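Work through the following exercises with the structure open beside you, and try each task yourself before you read its solution.

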Amino acid sequence: MSIQINNLTVTFQNKVTAIDHADLEIPTGIFGLLGENGAGKTTLMRVLTTTLAPTEGTVTLDGIQYHENNYEMIQKQIGYLPQEIDLYPGLTVQECLEYMGALAGISKPLCRERIQYYLEKTSLTEHRKKKMKQLSGGMKRRVGLIQALLNEPAFLIIDEPTTGLDPEERIRIRNLLVDFSEKRTVLFSTHVVEDLAATCNQLAVMKKGHFLYSGSVQDLLSNAEGYVWECKIEDPVKARDIEQKYRVSSKQYTEGGIRLRILSRVKPGIDCRPVSVTLEDAYIYLHNY
Amino acid sequence: MCKEIKISLPLYKIACALFFITILSLIRGVSVSYEVGIAIEPAMAILAAAFCSDTYVQEITGRRSEVWHLYPMKKRLRSVGMRLLIQELFLLLLAAAGYGLFFLFQRPLLYGVMHPETFSEIRQFFVYLGAMAVTLAFWSVFANTISCIFRNLWFGMGGSLLLWILTTSAFAQRTFGPRNVFSYTYRNAEDAGDFRWLAGKGICIALCAAMLLLLPTLLKKRG
């Protein structure tokens, strides 16, 4: 399953262009989508879920063109978890998932089997009889993810699936998604860079409706190789000066002083050493250089 | 079915509706039995509009509409249809109970006892139920349609209120006569053999069918 986006443009009625002549190929596996707020990520996902028709350009899903006549065929292959979703507060977890499964056209026995499987995978089995309104934010998020997985879609689109989850649950969900992405395509949009670092091989970075980068995580890291420096400063005033002069990707108070990670193409004029690049460094480097 | 009931009939709606009909039967004065249906119909119409205006748009306010968008249209229509039907059946039961409450609280004169040769109280009750079923269907579907068009339940309620004010006005009585959507209320109630008001209910059914036919397009374009 691969998704091909060519010359995609989305302009709203108020003349705001959310996506501007963008090209992208999303291959099989987990594909990360990064970008600042308002970059066009949600608009892109709305186009891919057929909720929004593009103003210009084409999108194809395994060769099937996004066109009103083909929407039904495309929609059957998609699972979607929006950034915010408020599932039926008066229903229990089990009822809610059964209801959404029935709406998706899954037979009752198969639906129950899948619900049981995914409830176990997301550690929600003991909460299945709780009403949705009684769940914590993280639990609701997991139920939201299960509803997107229920029809075992060939193309899964998930917007911030790990929001509100504790570290252990985040790892569990990430692993679930990695398993799920075998022979399927998962578009994983998030602000949590470490989630992408732990799951994706391929990613795209969006900014103001364009793709700043699209390719492997390794290549993105390579772009910033040699430009990340670490130093330890004792004087807070000097640390502030450095922050003003350079792009600092992390700042940490330690016993030996303030540890700074600096992004700079040339070696900063202070005592520092080059360090290995993280995805967060590479993302900030891409945005600023 | 059970899940649709839980979704479309939350406890607060049931409580509000029961409170509404009880208060109505206590404060809306009637002196003769044939006035009971007249007293209930317009009030139940506005209750039905308020009750059903969120039938679909709760998917929009709950931010589930983008997920719904992926479901087959047949399933979506079935679900919305079931919700409307469940709410309508509940309101119809409430209307029947309200009819009884009027007799319980206000003890109106029984016109059928005074004129047994021309008027039957039992028949009057079933005619009332039939008229009420059409009225409730029309106002619930109308409110849901307006809400869907504007993607906002307040528009559904507001639009229904505007139509309600228009159709209960003296102007509407003069202009539409027996073709008014409230033709049952404005009929000659003393004459049990006068069924000209059925024209108004026929128009309600036709409009209701037209709005239901519009539903797939609305869910597609505005869902």
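**Exercise 1.** Is α3(B) mostly covered or mostly exposed, and how many of its residues are buried?

Solution. Keep in mind throughout that this is a predicted model. Begin with the burial count: a residue is taken as buried if 20 or more other C-beta atoms lie within 10 Å of its own. By this count 13 of the 18 residues of α3(B) are buried, and the helix is therefore mostly covered.

**Exercise 2.** Check whether the end-to-end distance of helix α3 of chain B agrees with its number of residues, and locate its kink.

Solution. First take the expected span, which is 1.5 Å times one less than the number of residues; for the 18 residues of this helix, residues 35–52, that should be 26 Å. Next compare this with the model, where the end C-alpha atoms are 26 Å apart, so the two values agree. Finally, follow the helix to B:E41, where there is a kink of about 25°, shortly before the proline B:P42.

**Exercise 3.** Describe how the two domains of chain A meet.

Solution. Start with the division of the chain, in which domain 1 covers 3–219 and domain 2 covers 225–288. Their C-alpha centres lie 35 Å apart, and the contact between them joins 9 residues of domain 1 to 5 residues of domain 2. On the domain 1 side, α7 (193–199), β9 (202–207) and β10 (210–216) each supply at least two residues, and the largest share, 3 residues, comes from α7(A). Sorting the residues of this domain 1 side by character then gives 8 nonpolar, no polar and 1 charged.

**Exercise 4.** Which residues of the largest nonpolar core touch the most other members, and what does A:F188 contact beyond its neighbours in sequence?

Solution. Among the 85 residues of this core, the ones that touch the most other members are A:C96, A:V143, A:I157, A:F188 and A:L203. The core takes at least three residues from each of the two domains of chain A. Now set aside the neighbours of A:F188 within four places in sequence; its remaining contacts include A:I30, A:F31, A:G32 and A:L33, as well as A:L177 and A:L196. A second, separate core has 47 residues, including B:Y99 and B:Y128.

**Exercise 5.** Describe the side of chain A that touches chain B.

Solution. Count first: the contact takes 20 residues from chain A and 15 residues from chain B. Then look for the elements involved, where α3(A) gives the most to the chain A side, with 3 residues. Lastly, the residues of that side divide into 10 nonpolar, 7 polar and 3 charged.

Conventions:
Residues are numbered from 1 along each chain as its sequence is written. Chains are lettered from A and ligands numbered from 1 in the order in which they are written. This is a predicted model: local features need pLDDT of at least 70, side-chain atom pairs count only at pLDDT 80 or more; totals for chains, interfaces and linings use all residues. Helices (H or I, at least four residues) and strands (E, at least two) are DSSP runs, numbered from the N terminus. The bend at a residue is the angle between axes fitted to the seven residues ending there and the seven starting there. A residue is buried if 20 or more other C-beta atoms lie within 10 Å of its own, exposed if 12 or fewer, and partly exposed in between; C-beta atoms are placed from the backbone. A nonpolar core is a set of buried Ala, Val, Leu, Ile, Met, Phe, Trp, Tyr and Cys residues joined through C-beta atoms within 7 Å. Domain bounds come from an automatic or database domain assignment. Two residues are in contact if their C-beta atoms, placed from the backbone, lie within 7 Å. Ala, Val, Leu, Ile, Met, Phe, Trp, Tyr, Cys and Pro count as nonpolar, Asp, Glu, Lys and Arg as charged, and the others, Gly among them, as polar.
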